[in-house]
Amino acid sequence: MRCAAIGGRMHSGWGALVAVSHKARRIEVIDRRQMVMVQPGTRGGNQPYHFVKGLELPEAEKFLKDHFVASKLLASAAIRDLVKELHERQIHVVGAAVLLASGRPLPPLLKILASHPMIHTAEGEFFREVFSKACESLDLPVTGFRERNLDEYVRAAFGKAATGVQRQISTLGRALGPPWTRDQKTATLAASMLLVKNTTNG
């Protein structure tokens, strides 16, 4: 079986997923898709922290907890389908990589809701955590990579080949076609680093 890694870059309510393998020392994107983490019409939708701002604290906490569970179920189903489809193609998924923001811990909920920028930050963390917990529920190891440190991570993973790897990923869209935005590029880079790490350790 060939090995592959999943890379994900999350947004509010959805995420961009890629599955990456290596073939003849070159990066190969073997699948890419959009993962929905919130059903259309769901109360609170893609902005759960915005929604709970006017609620009492216990009600807000319960809503966020329930919203997380529902989003995780959707994410788990999407990831399970991807892993199953790859397995049917004789491809084994060794793990998942997720792009992270600053990584700073969030303050208590009351302080989050008192700051509009913090509400946006919390919603980003919410859906990244949904993705991570969904992967863990499927026994799929998850590794996080802070986006602002990507260049540093790439140099550590690929050494002198780092620049060539980044160039190769940036131009993959010519053959694959759209979409090939920052979402797919960074998710592919993260998955590639995870794959190299697993191959080396193996």
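A residue counts as buried when its relative accessible area is under 20%. Gln-184, at 9%, is therefore buried. The model is predicted, and the points below cover the surroundings of Gln-184, the aromatic pairs, and the packing of helix 2 against helix 4.

**Gln-184**

- Gln-184 belongs to helix 8, which spans residues 182-201.
- A polar atom of the Gln-184 side chain is placed 2.8 Å from the backbone nitrogen of Thr-181.
- Leaving aside residues up to four places away in sequence, Gln-184 touches Ala-16, Val-18 and Pro-179.

**Aromatic pairs**

- Searching the whole structure gives five aromatic pairs.
- One of them joins Tyr-49 and Phe-126, with ring centres 6.2 Å apart and planes at 85°; the pair is therefore edge-to-face, since angles over 60 degrees fall in that class.
- This pair links distant parts of the chain, as Tyr-49 sits in helix 1 (residues 48-52) and Phe-126 in helix 4 (residues 116-137), 77 residues apart.
- Tyr-49 has a relative accessible area of 10%, so this residue is buried.
- Phe-126 has a relative accessibility of 7% and so counts as buried too.
- Phe-126 also pairs with Phe-127: the ring centres are 4.9 Å apart and the planes stand at 75°, so this pair is edge-to-face.
- Phe-127 is buried, as is Phe-126.
- Tyr-49, Phe-68, Phe-126 and Phe-127 are linked into a cluster by ring pairs.

**Helix 2 against helix 4**

- Two packed helices are described by the distance between their axes and the angle between them.
- For helix 2 (residues 57-88) and helix 4, the axes come within 8 Å and cross at roughly 55°.
- That angle makes helix 2 oblique to helix 4, because it lies between the limit of 35 degrees for roughly parallel and the 65 degrees at which roughly perpendicular begins.
- The crossing of helix 2 past helix 4 is right-handed.
- On the helix 2 side, the residues that meet helix 4 are Leu-64, His-67, Phe-68, Ser-71, Lys-72, Ala-75, Ser-76 and Ile-79.
- On the helix 4 side, the residues that meet helix 2 are Phe-126, Phe-127, Glu-129, Val-130, Phe-131, Lys-133, Ala-134, Cys-135 and Ser-137.

**Shared residues**

- Phe-68 in helix 2, and Phe-126 and Phe-127 in helix 4, are among the residues where these helices meet, and these three also belong to the aromatic cluster.

How values were computed. Residues numbered from 1 in each chain as written. Predicted model: local features only at pLDDT ≥ 70, side-chain atom pairs only at ≥ 80, totals over all residues. Heavy atoms only, no water. Phe/Tyr/Trp six-rings, centres within 6.5 Å; stacked < 30°, edge-to-face > 60°. Helix = DSSP H or I, 4+ residues; strand = E, 2+ residues; numbered from the N terminus. Buried < 20%, exposed > 50% of the residue type's maximum accessible area, 1.4 Å probe, protein only. Polar contact = N/O pair within 3.5 Å; in protein donor to acceptor, adjacent residues only side chain to side chain. Contact = heavy atoms within 4.5 Å. Axes fitted to C-alpha atoms, helices over the stretch in contact; angles between N-to-C directions. Parallel < 35°, antiparallel > 145°, perpendicular 65-115°, else oblique. Left-handed = near helix turned anticlockwise from the far one by under 90°.
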